[in-house]
Amino acid sequence: GSSNYLAAASVTNTFTVSLTPQAVLTFEPVSPQTYNTTNGLATSGGAGTGVVSYAVLSGPGAITNGTGLVATSGTGAIVVQATKAVDSMYSQQTASATVTVQKASQTISFGNPGTQFWTNRTALAASSTSSGVVSFAVVSGPAVLRNGTNGTYATYGGYGTVVLTANQAGDTNWLVAPTLTNSFAVVGPQFVFLGTNGAVVESGAGVSPAAGTAFGEAIISGTSLTNVFAITNAGSALLTMGTYGTNGTHGTSFQLLDVPATLAAGAVTNVTIVFAPQVGGSNTASFVFSFDGTNSPYTVNVAGVGLGGGIALETNALAFTGTFAGMNPPAQFLGMTNVGVSGFTWTNTIAYSAGASNWLSVLPDNGTLQLRSAAVLTNVVDLVGVGAGIHTARVTIAAVDATNSPQAYAVVLTVGRAAQTITFANPGQQIVTNETPLTATASSGLPVTLSVVSGAAVLVNGTNGTVATYGVPGLVTLRASQAGDADWQAAGAVEVSFRVRADRVPYADFDGDGRSDLTVYWPLSGTWFHWLSGADEYLERRWGWSAVTPVPADYDGDGIVDLAVYHRATGEWYIYSSLEKKLIQRQFGWFATEAVPGDYDGDGITDFAVHNRADGKWYIIRHDWTGYRELSFGWRETVPVPADYDGDGITDIAVYWPKQGRWHVVRSSDGRYVERGWGWSAALPVPADYDGDGLADVAVFWPQAGTWYILKSSVNKLREQHFGWYRCVPVPGDFDGDGIDDVAVYEPLEGRWSILHAPGRFTTRLFGWSETLPPWPSRR
């Protein structure tokens, strides 16, 4: 109804009214979605007022708080359905979507443990945001990771920087965590043992002399050897010493001193090892150091040799005998044996008693004697400088490595006084005016005493030694003696005898100036005519008569030739002494003898002598009318040629045999008979000193050719000299005073003298006439 209408009767119809479908529902959740995250879900579209709900149809997801999707895994896919509920108008609408899930990222927390001592046990702690188990790894350094009941911990095998990583490998829900790295220092000491040479002695190294760990040799219970080494801490932390001890069989032979309890990093300290061997031979040991360092224990090997030699000498005394300044006595040998337990090295020293020293040598003077070996010591005595007497020395054998050192033996040297001899050279013939230096020496070197045994000699001691002077000619005997001393016996005296003659008086030197004077004798009046060389003046003197033979000579020893004649008929001699200025008359000879005056005793004064050619006898008496003698030498065919052929100052008895040209001489110096061929029947003997050596030379003159043949005694060689002619008479003499007889001739027909002083230099002079003759021996 209405106002107009009544309510109408209800008419009932049945029909179906359907809900209207909603519009498409849009559902696009975030994809992918990380594990354990919640993403909000939303839709759009649809219609009506119906409530939207979400449901996980499949996969690792869950709806939280109605509109949140939680990923419950890191792998797989979640199928989510959104449903918009029906309302009065619209039907329900649904929409599904698939969400891919992914693993979640994670991080690690790993605290740095800081510096560690190498012996620490360091627990490692680390966590990850995933709550997964974190693992550790050593990247570098001396660390070792170990797992214990309380987790992972690190131990260390050395020093240095340790680098560790912390890792989480992830799982189905979590990604691998980024690695976290920590580094820290591991510190500790480093024990280093330095040898005596400063070099490192490695632990367990063999012994070395250079490093000082091989000590060498020391005497058992006698000496010790000490070497100083060094310990350094080469590490980075304080070193704390634990134990140290000696190992080995011979440990008691070595002692370690001054080992510190601690040693700072980088510090050095000295330690001492003393080797005092307790046994012979090799001694070895090891020192083992324990400490809190990585190289503990540290072993130092040492070695040494124990010496214990024994010196055994085969005798404790040697005796030598010798003569002062004589030959050294033979060497003596002494055996030495090593009776110890090891070898030894010895030296010997010699100590002398008061007096002489350095007369003994013992060789070898050092050496090494091995065990049970022997050596021979050679003992040599040198007598040089060792005086007569008894001398002692003590030889000491010392060996630092012998237990019974030192050992000694005595050496006794008995030196007797030495015999000595004197050398006293005979000075030979002397001239009375000489001052003769005398030299006499003893083999000992001691001074020699000189004395006059006989003769007119006077000994004068001057700054240059002893000189002999003479009063008169004659035989002089001198004695040299040496009385000896503490070292030398008295020497046998030595005597020398020599003749002292007058100064050489040249033939026909009537003025004593040392030169022969031109002189002729006129038999008719017995007058002598001189041209005196000293004053260069003429002198005429009467002495003689026609029946006498001139025999001028120095009969008074004043160095001047005296006027003298010999009267052969009566054997009378008439001499005018230039010294006493008076007549000297002697009867010596008879009609059968010819005068042969000469100095037959060497006293510088002419003696009387005659020769009998018939029987070859000589009769001689001294000028003082003593010392008469006679002897046979020569025969009828020989000519007397007396002269001083041996230079002893004594006229020698000699004859010349013209037939054979042979000379026969009896030397006065030694009594020896000498025979020599030099000349022929036509040659005249003219002996004289033509070379000035003090000896008369054998010489002949050949008148026919005017040639001289002289055998020079000084060189034993011929001098052939042409000087003169057939009418000449040979008159050799020292006309220039040079000590050499000159070749000279006199020509009677005109009285001419010709004198050859030297080759190319001669003089000639008229002095005389046909009735005068030079007073030279005729030698015919």
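The protein divides into six assigned segments: domain 1 (20-102), domain 2 (105-187), domain 3 (191-307), domain 4 (311-416), domain 5 (422-501) and domain 6 (558-681). The model is predicted. Between the centres of domain 1 and domain 4, taken over C-alpha atoms, the separation is 127 Å. Another long span joins two single residues. Tyr628 and Gln255 are 373 residues apart along the chain, and their C-alpha atoms are separated by 111 Å.

In domain 1 (20-102), one polar side chain was examined. Gln93 is placed in strand β9 (residues 93-102). Its side chain reaches the backbone oxygen of Ala23 at 3.1 Å. Ala23 is also among the residues that Gln93 touches. The others are Gln22, Val24, Leu25, Ala82, Thr83 and Lys84, with residues up to four places away in sequence not counted.

Charged pairs were then searched for. Side chains of opposite charge can pair when their charged atoms come close. The whole structure holds 16 salt bridges. One of them joins the side chains of Arg515 and Asp513, at 3.2 Å from N to O. Arg515 has 27% relative accessibility and therefore counts as partly exposed. Asp513 is also partly exposed, at 28%.

A second salt bridge pairs Arg622 with Asp603, and the closest N and O atoms are 3.5 Å apart. Arg622 lies in the loop between β55 (617-621) and β56 (629-632), and Asp603 in the loop between β53 (593-595) and β54 (608-612), so the pair ties together parts that are 19 residues apart in sequence. The two partners differ in exposure class. Asp603 is buried, with a relative accessible area of 8%. Arg622 is partly exposed, at 24%. Both residues belong to a network of salt bridges that also links Asp601 and Asp624.

A third salt bridge is formed by Asp736 and Arg761, with 3.6 Å between the closest N and O atoms. This pair links distant parts of the chain, 25 residues apart. Asp736 sits in the loop between β65 (729-730) and β66 (743-747), while Arg761 is in strand β68 (residues 761-766). Asp736 is partly exposed, with a relative accessible area of 23%. Arg761 is partly exposed too, with a value of 44%.

The loop between β55 and β56 also holds Tyr628. At 43% relative accessibility, Tyr628 counts as partly exposed. The side chains of Tyr628 and Glu630 are joined by a polar contact of 2.6 Å. Beyond residues up to four places away in sequence, Tyr628 touches Phe588, Tyr619, Ile620 and Ile621.

Asp644 was examined in a further loop, between β57 (639-640) and β58 (653-657). Asp644 has 16% relative accessibility; the cut-off for buried is under 20%, so Asp644 counts as buried. The Asp644 side chain reaches the backbone nitrogen of Asp648 at 3.2 Å. Leaving aside neighbours within four places in sequence, the contacts of Asp644 include Gly649, Ile650, Thr651 and Asp652. Gln429, Gly694, Leu695 and Ala696 are in contact with Asp644 as well. Asp644 and Ala696 are 52 residues apart in sequence, yet 5.5 Å apart in space, C-alpha to C-alpha.

Ala696 appears again in the lining of a pocket. Rolling a probe the size of a water molecule over the atoms shows where empty space is left. The second largest pocket has a volume of about 270 Å³. Its lining is made of 15 residues. Tyr645, Val674, Arg676, Ala696 and Val698 lie nearest its centre. Two elements give two or more residues to this lining, β59 (662-666) and β60 (673-677). The largest share of the lining comes from β60, with three residues.

A last polar residue, Gln721, is found in strand β64 (residues 717-722). Gln721 is buried, with a relative accessible area of 17%. Not counting residues up to four places away in sequence, Gln721 touches Gly706, Thr707, Trp708 and Leu756.

Notes:
Residues numbered from 1 in each chain as written. Predicted model: local features only at pLDDT ≥ 70, side-chain atom pairs only at ≥ 80, totals over all residues. Heavy atoms only, no water. Helix = DSSP H or I, 4+ residues; strand = E, 2+ residues; numbered from the N terminus. Buried < 20%, exposed > 50% of the residue type's maximum accessible area, 1.4 Å probe, protein only. Contact = heavy atoms within 4.5 Å. Polar contact = N/O pair within 3.5 Å; in protein donor to acceptor, adjacent residues only side chain to side chain. Domains from an automatic or database assignment. Salt bridge = Lys/Arg side-chain N within 4 Å of Asp/Glu carboxyl O. 1 Å grid on protein atoms, 1.4 Å probe; cavity = no way out; pocket = protein on both sides within 12 Å on 5 of 7 lines; lining within 4 Å. Points joined across faces, edges and corners; volume = space filled by probe spheres on them.
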